[in-house]
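Student: I would like to go through this structure with you and ask, term by term, what justifies the words we use for it.

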Amino acid sequence: MNSIRILLADDHNVLRDGLRLLLERQQGFSVVAEASDGREALRLAEEHRPDIAVMDIAMPVLNGIDATKSIVASGVPTAVIILSMHHDESYIVRALNAGARGYLLKDSVKADLIAAINSVSQGHSFFSPKVSLLLQEDYFRQMADKQKTDSFELLTGREREILQLAAEGRSNKEIANVLNLSFHTVETHRSHILQKLNLHTVPELILYAVRKGIIH
Amino acid sequence: MRRNPWLALAGGFGGLLLIMAAAEVSALLVLNSLRASDAQVEKRFLERSRMLEQIRSSIYLSGTVARDSLLAPAGGASSQLAEVNTLHGQTDAALENYQRSVEPEEAVAFSRLRSEIAAYWNVLDKTFAWTDEERQKYRYQFFYSELIPRRTAMLQIADRVGQLNELALQRGDQQMAGLFERLRLGLIGMIALTLIGGSALAIFTSIVILRLQNQVRERLEENIEAKTSLRELSVKLVRVQEEERRSLSRELHDEAGQSFSAILLETENLLDLDHMAPAKQHLESIRNLAQRGLDGTRNMALLLRPSMLDDFGLVPALNWQARETAKRTGLRVQVTAAEMPGDLPEEHKTCIYRVVQEALNNVVRHAQASAVQIRLQRSDQQIDLSVHDDGTGFDAERVRGLGLLGMEERVHHLGGSFNIDSQPGRGTQLRIKLPLVDLASDVTNELNTDTVGRRS
């Protein structure tokens, strides 16, 4: 089995060294390039076409979110995992909108990084449990404040299954395979789900699932 | 050198009034004395005329009586003698009276008159002593050569004295005219003095008033200048403080925070190594300390100035603030705001964020509220913000804490309006409006609000 090829992008050398040390101790992981700013990360991603880019947000020249956008847009087969100190929703939402597949907090690198890379490289999303928890708490509080009935209750059992799979990053085709449904049926379910939950994009769907605790 | 203008004014006006009063009083006095002396002169003239008339008529009558007695038949002169004696007495009394008020220039004429009269009486008395023969013999001669000429001479002298008396009257009139002229001149002098004094006073008063006005204007200008510079200073202070907070927050986040993250990771890496097992306890302690350091740094950075404000703009920062407040206090905080386009000026962004922060602090500290509504609306010309709580409220007319004043100052500096509507028991609504016209020219938008990451 080929090892997972990884790009590290962080302007903090000591942290980057620590990350590399952590990753290289694992079987099947190899750090192929290191960048200390966003622009360098983009250049190295295009050059090395790694499977995973682990990206800080606060970096000079080009920040991690814009760099993620550019990497996704450039068409390289690299899935981006954001690794940041920020645990506010606004950063997570923007990272997801930029196309990041995972969001980790620097507090819990050791515990989460390996799992995140494994998960994302298999096409799933991954969030630090602390992040998921924060998002869920905020979401519950908001729901309680607004005294709204949870829109999740409107979903049928089949729709909830599809929501979970979609939020994990699976395509309609994969979902159809997993659930043994036709592609068209999955598509219809999916548009119903977005409609019922008043969502519009995949990142919104993922965020919703995280907030609801459907995925972690 | 500052004289009291009130004292000067009072002195001036008082002096002027005194001059006017003195002029009036003296004019009245002079008029009074004029009238009195006029009456006196006339009375004297009339009296003296009357006395002269008495003298004349007595002389005349005595002549007639004497003629009658001379022409009378023998005897019977005794009644005429008595009559003449009476006339003599009257004449003497009149002469005595006149003598008392005789004028110097009539003295000569008057004493001649007196001696003539005395001689006349002597001559006349002699006729009464005559015997009938003597009377028969001398009467015509006496009558024509003594009595008539003497009488005529005396009457002429009396006329002369009368003329002199009239002269005295004229002189009195002249004196009066002189007095009157003096009064006129005095009055003219007084009026001139009053006019000059009044003009001087008016000029002085004008100068004082103008000077006062100038002083007031200068004070006002100084005041305005001081206020302006004070405001500029406070704006500068606020700006500097904000800049400081921003760089501190960044520094904490990017340097201290990252270092703690690195320590955390390194420690965890060490914990993985088998030969580090004896140090496990220490390493775990280090890891916990690093974790606490990281949390503390992150919180402090956010409190100083939330990175979302610079990274993503106002609304994400407000949302974060709302979530944080809700998490910390259990207050329901709802933000209703459309995403702002990225061109909201830096100072407006900061102003609104700080106002909301302060308002939420106030609500948490004082309002005993359960819910807060934050609404933000933007039109082409202005931004409207309202923060509305359902708490106890307060008397917005009386209570103005330092925080409120600070908010107001920030808002006014940006040309906005600041409004608090609150009454005890009815919650508090804070409203601000910030105009957005002509902003591009005077507000420097130091950071592009839509980029993430640190400045390098």
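Tutor: Let us begin with the surface, where a patch is made of residues with over 30% relative accessible area and no salt bridge, nonpolar side chains being joined within 5 Å. Please keep in mind throughout that this is a predicted model.

Student: What makes L28(B), L31(B) and F180(B) a nonpolar surface patch?

Tutor: Leu and Phe belong to the nonpolar side chains that the rule joins, and L28(B), L31(B) and F180(B) make a patch of about 310 Å². For F180(B), which has its place in helix α4 of chain B, the relative accessible area is 46%, and the cut-off for a patch is over 30%.

Student: Why is F180(B) called partly exposed rather than exposed?

Tutor: Exposed requires over 50% and buried requires under 20%, so F180(B), with a relative accessible area of 46%, is partly exposed.

Student: How do you know that S261(B) is buried or exposed?

Tutor: The relative accessible area of S261(B) is 1%, and because buried means under 20%, S261(B) is called buried. S261(B) is found in helix α4 of chain B, which covers residues 132-272. Leaving aside neighbours within four places in sequence, S261(B) is in contact with L15(A), M85(A), K106(A) and L294(B). With L294(B), 33 residues apart along the chain, the C-alpha atoms are separated by 6.7 Å.

Student: Some of those partners carry the letter of chain A; what does the contact between chain A and chain B amount to?

Tutor: Chain A and chain B bury about 3300 Å² between them, and 54% of this is on carbon and sulfur atoms. In chain A, M85(A), D107(A) and K110(A) lose the most area to chain B, together 20% of what that side buries. The contact takes 38 residues from chain A and 37 residues from chain B, and the count of salt bridges between the two chains is 6.

Student: Why is the pair of R298(B) and D107(A) called a salt bridge?

Tutor: The closest N and O atoms of R298(B) and D107(A) are 2.7 Å apart, and because the rule asks for a side-chain nitrogen of Lys or Arg within 4 Å of a carboxyl oxygen of Asp or Glu, the pair qualifies. R298(B) lies in helix α5 (residues 280-304) of chain B and D107(A) in the loop between β5 (102-105) and α5 of chain A, so the pair joins two chains. R298(B) counts as buried at 3% relative accessibility, and D107(A) counts as buried at 6%.

Student: What makes R323(B) and D88(A) a salt bridge as well?

Tutor: Their closest N and O atoms are 2.8 Å apart, and since the limit is within 4 Å, this pair also satisfies the rule. At relative accessible areas of 9% for R323(B) and 6% for D88(A), each falls under 20% and is therefore called buried.

Student: Which salt bridge involves R246(B), and why is it said to tie together distant parts of the sequence?

Tutor: The side chains of R246(B) and D310(B) meet in a salt bridge of 2.7 Å, N to O. R246(B) lies in helix α4 and D310(B) in helix α6 (residues 307-311) of chain B, so the pair ties together parts that are 64 residues apart in sequence. Both residues are buried. Salt bridges that share partners join R246(B) and D310(B) into one network, whose other members include E242(B), R305(B) and R410(B).

Student: How do you know that S422(B) makes a polar contact with T428(B)?

Tutor: The two side chains are 3.0 Å apart in their polar contact, and the limit for a pair of N or O atoms is within 3.5 Å. A polar atom of the side chain of S422(B) also lies 3.1 Å from the backbone oxygen of G427(B). S422(B) lies in strand β4 (residues 417-422) of chain B, and at 8% relative accessibility it counts as buried.

Student: Why is N180(A) called exposed?

Tutor: Exposed means over 50%, so N180(A), at 72% relative accessibility, counts as exposed. N180(A) is found in the loop between α8 (172-179) and α9 (183-197) of chain A, and its phi is near 60°, a positive value in a residue other than glycine.

Student: What makes helix α10 of chain A mostly covered?

Tutor: In this helix, residues 202-211, 8 of its 10 residues are buried, among them P203(A), Y208(A) and R211(A).

Key:
Residues numbered from 1 in each chain as written. Chains lettered and ligands numbered in written order. Predicted model: local features only at pLDDT ≥ 70, side-chain atom pairs only at ≥ 80, totals over all residues. Heavy atoms only, no water. Helix = DSSP H or I, 4+ residues; strand = E, 2+ residues; numbered from the N terminus. Buried < 20%, exposed > 50% of the residue type's maximum accessible area, 1.4 Å probe, protein only. Contact = heavy atoms within 4.5 Å. Patch = residues over 30% accessible without salt bridge, like charges linked within 9 Å, V, L, I, M, F, W, Y side chains within 5 Å. Areas by Shrake-Rupley, 256 points an atom, 1.4 Å probe, with all protein chains shown as cover. Buried area = accessible area lost by both parts, 1.4 Å probe. Polar contact = N/O pair within 3.5 Å; in protein donor to acceptor, adjacent residues only side chain to side chain.
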